[in-house]
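Here are a few exercises to work through at your own pace, with the solution set out after each task. Keep the sequence and the structure open beside you as you go.

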Amino acid sequence: MMKTGMVLEGGAMRGMYTAGVTDVLCENEVWVDGVLGVSAGVTFGVNYKSRQVGRTIRYNKKYCGNLGPVPLCRASPAWWKWMAVAT
């Protein structure tokens with residue numbers, strides 16, 4: 001029998017699109033045998049394999065203002081614009 005796999009890209013906020021796709025795959029019970037991810041893609045792959053639908057957006061909304069030691073004024077304007085749309 002042929003096995004299937006999925007490769008997930010990194011890129012922080014770009015990965016939010018990937019998270020949406022993996023959520024839809026979970027909701028429709030589409031499963032693959034293995035997942036390989038790079039950077040943020042690793043996290044999204046873990047969410048997929050553990051079948052935690054919605055976890056990515058839930059945690060991004062919860063911690064979106066928590067930039068740790070980086071002052072808020074140094075955050076990318078494009079990032080803030082995206083978060084305004086996502087929340």
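**Exercise 1.** Find T22 in this predicted model: in which helix does T22 lie, and is T22 buried or exposed?

*Solution.* Start with the secondary structure: T22 lies in helix α1. Next, take its accessibility. The relative accessible area of T22 is 4%, and the cut-off for buried is under 20%, so T22 counts as buried. Finally, look for its company beyond the neighbours within four places in sequence: T22 is in contact with M6, L8, F44 and Y48. Two of these names, M6 and L8, come back in the next exercise, where they appear in strand β1.

**Exercise 2.** Which side chains of strand β1 (residues 5-8) are buried, and which are not?

*Solution.* Begin with a rule of thumb: in a regular strand, side chains alternate between the two faces of the sheet. Now apply this to β1. M6 and L8 point to one face and are buried, while G5 and V7 point to the other face and are not buried. Then look for the partner strand: β1 and β2 run parallel and are joined by four bridges. One residue to check is G5, whose bridge partner in β2 is G34. To finish, add the helix: β1, α1 and β2 together make a β-α-β unit, and this unit is right-handed.

**Exercise 3.** How many aromatic pairs are there, and how are the rings arranged?

*Solution.* A pair of aromatic rings is described by the distance of the centres and the angle of the planes. With centres required to lie within 6.5 Å, the count comes to one aromatic pair. Its members are W31 and Y48, at 5.6 Å centre to centre and with 45° between the planes, which makes the pair tilted. Now place both residues: W31 sits in the loop between α1 (15-27) and β2 (34-37), Y48 sits in helix α2 (residues 40-49), and the two are 17 residues apart. Their surroundings can be compared by accessibility. W31, at a relative accessible area of 31%, is partly exposed, whereas Y48, at 2%, is buried. One more step concerns the face of W31: R51 lies over it, at 3.8 Å from the ring centre.

**Exercise 4.** Where are S39 and R51 found, and what is the sign of phi in S39 and in R51?

*Solution.* Take S39 to begin with. S39 lies in the loop between β2 and α2, and its phi is near 55°, a positive value in a residue other than glycine. With a relative accessible area of 56%, S39 is exposed. Move on to R51, in the loop between α2 and α3. Here phi is near 60°, again positive in a residue that is not glycine, and R51 is exposed at 52%.

**Exercise 5.** How far apart are I57 and A19 in sequence and in space?

*Solution.* Locate I57 in helix α3 (residues 55-63); at 31% relative accessibility, I57 is partly exposed. I57 and A19 are separated by 38 residues in sequence, and their C-alpha atoms are 7.8 Å apart. For the wider view, consider contacts with a separation of 6 or more: residues 24 or more positions apart account for 62% of them.

**Exercise 6.** What pattern does the protein follow along the sequence?

*Solution.* Count the elements: there are four helices and two strands. Read in order, they give β-α-β-α-α-α. Of the 87 residues, 26% count as buried.

Terms used
Residues are numbered from 1 along each chain as its sequence is written. This is a predicted model: local features need pLDDT of at least 70, side-chain atom pairs count only at pLDDT 80 or more; totals for chains, interfaces and linings use all residues. Side-chain values use heavy atoms; hydrogens and water are left out. Rings of Phe, Tyr and Trp (its six-membered ring) pair if their centres lie within 6.5 Å; planes under 30 degrees apart count as stacked, over 60 as edge-to-face and the rest as tilted. Buried means under 20% relative accessible area, exposed over 50%, partly exposed in between (1.4 Å probe, protein chains only). A charge sits over a ring if NZ of Lys or CZ of Arg is within 6 Å of the ring centre and within 35 degrees of the ring normal. Two strands pair if DSSP finds at least two bridges between them. A crossover is right-handed if, with the strands pointing away from the viewer, the path from the first strand over the helix to the second runs clockwise. Contact means heavy atoms within 4.5 Å.
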